[in-house]
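Here is a colleague's note to read beside the model. Keep the sequence open and find each residue as it comes up.

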Amino acid sequence: MKKEFIEAQKKMLLEKRAEIMDTLKGRNEQLTDLVKASEPGDEADEASDRIDGNLAMRLGDEDMRRLHMIDDALDRIAKGTYGICADCGDEISEYRLESMPYVSLCINCQEEADKRNR
């Protein structure tokens, strides 16, 4: 894999990482505000607050999952294994890495993993 491609991917991963960190910080502030503002109110207000809090937590969980995948990809770049399938050892296509820069499996191994997890 070309060094220029890997460097461009690293830059993109770092940018995505910074975006997620900013989003998580904003969600944390929203949750803090929600907790501070949670004065006893009517049942509809309390239910709405719970729904808002649960949604923010689920979105935060998804962001944390993506952040972990990005960190793993950055580790693979540092180790020189970025773009190599973790299962079969074949090269992951640049096209796949451009669309999902944090993947660790080639398309064939990903399809097999998806079949096993159904």
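1. Overall fold. The chain has four helices and zero strands. Read along the sequence, the pattern is α-α-α-α. Please keep in mind that this is a predicted model. Every value below is computed from that model.

2. Where the helices sit. Helix α1 covers residues 3–36. Helix α2 covers residues 43–79. Helix α3 covers 94–99, and helix α4 covers residues 107–116.

3. Burial and surface. How much of the chain is buried? Buried residues make up 25% of the 118 residues. The chain exposes about 8,400 Å². Carbon and sulfur atoms supply 50% of that exposed area.

4. Contacts along the chain. Take the contacts with a separation of 6 or more. Of these, 61% join residues 24 or more positions apart.

5. The nonpolar core. In soluble globular proteins, nonpolar side chains tend to be buried together. Here the largest nonpolar core has 20 residues. The ones with the most contacts inside it are L13, I70, I77, Y82, C85, I92 and L97. Helices α1, α2 and α4 each supply at least two residues of this core.

6. Salt bridges, the count. Side chains of opposite charge can pair when their charged atoms come close. How many salt bridges does the chain have? The count comes to four. Points 7 to 9 look at individual pairs.

7. R65 and E62. These two form a salt bridge, with the closest N and O atoms 2.6 Å apart. Why are they well placed along the helix? R65 and E62 are three residues apart in helix α2, so about one helical turn separates them. R65 is partly exposed, at 43% relative accessible area. E62 is also partly exposed, at 35%.

8. D63 and R66. This salt bridge is in helix α2 as well. Its closest N and O atoms are 2.8 Å apart. D63 and R66 are three residues apart, so the separation is again about one helical turn. Is D63 buried or exposed? D63 counts as buried, at 6% relative accessibility. R66 is partly exposed, with a relative accessible area of 28%.

9. K115 and E112. Now move to helix α4. K115 forms a salt bridge with E112, and the closest N and O atoms are 3.7 Å apart. The two are three residues apart in α4, so about one helical turn lies between them. K115 counts as exposed, at 52% relative accessibility. E112 is partly exposed, at 41%.

10. R76, a charge without a salt bridge. R76 is in helix α2. R76 is buried yet has no salt bridge. Which side chain of opposite charge is nearest to R76? That is D72, 5.1 Å away. A salt bridge needs the nitrogen and the carboxyl oxygen within 4 Å, so a pair at that distance does not count. Leaving aside neighbours within four places in sequence, R76 is in contact with T81, Y82, Y102, V103 and S104.

11. D87 in a loop. D87 is in the loop between α2 and α3. What does D87 touch? Not counting residues up to four places away in sequence, D87 touches L105, C109 and R116. Look at C109 in particular. D87 and C109 are 22 residues apart in sequence, but 6.7 Å apart in space, C-alpha to C-alpha.

12. The cysteines. A disulfide is a covalent bond between the sulfur atoms of two cysteines. How many disulfides are there in this model? The count is zero. C85 is in no disulfide, and the nearest cysteine sulfur, that of C109, is 3.6 Å away. C88 is in no disulfide either, and its nearest cysteine sulfur, that of C85, is 3.7 Å away. The cut-off is 2.5 Å, so neither distance qualifies.

13. Surroundings of C85 and C88. C85 is buried, with a relative accessible area of 3%. C88 is partly exposed, at 38%. Leaving aside neighbours within four places in sequence, C85 is in contact with D90, I92, S104, L105, C106 and C109. C85 and I92 are both listed among the residues with the most contacts inside the core.

Note on methods. Residues numbered from 1 in each chain as written. Predicted model: local features only at pLDDT ≥ 70, side-chain atom pairs only at ≥ 80, totals over all residues. Heavy atoms only, no water. Buried < 20%, exposed > 50% of the residue type's maximum accessible area, 1.4 Å probe, protein only. Contact = heavy atoms within 4.5 Å. Areas by Shrake-Rupley, 256 points an atom, 1.4 Å probe, with all protein chains shown as cover. Lys, Arg positive; Asp, Glu negative; His and termini not counted. Core = buried A, V, L, I, M, F, W, Y, C linked by side-chain atoms within 4.5 Å.
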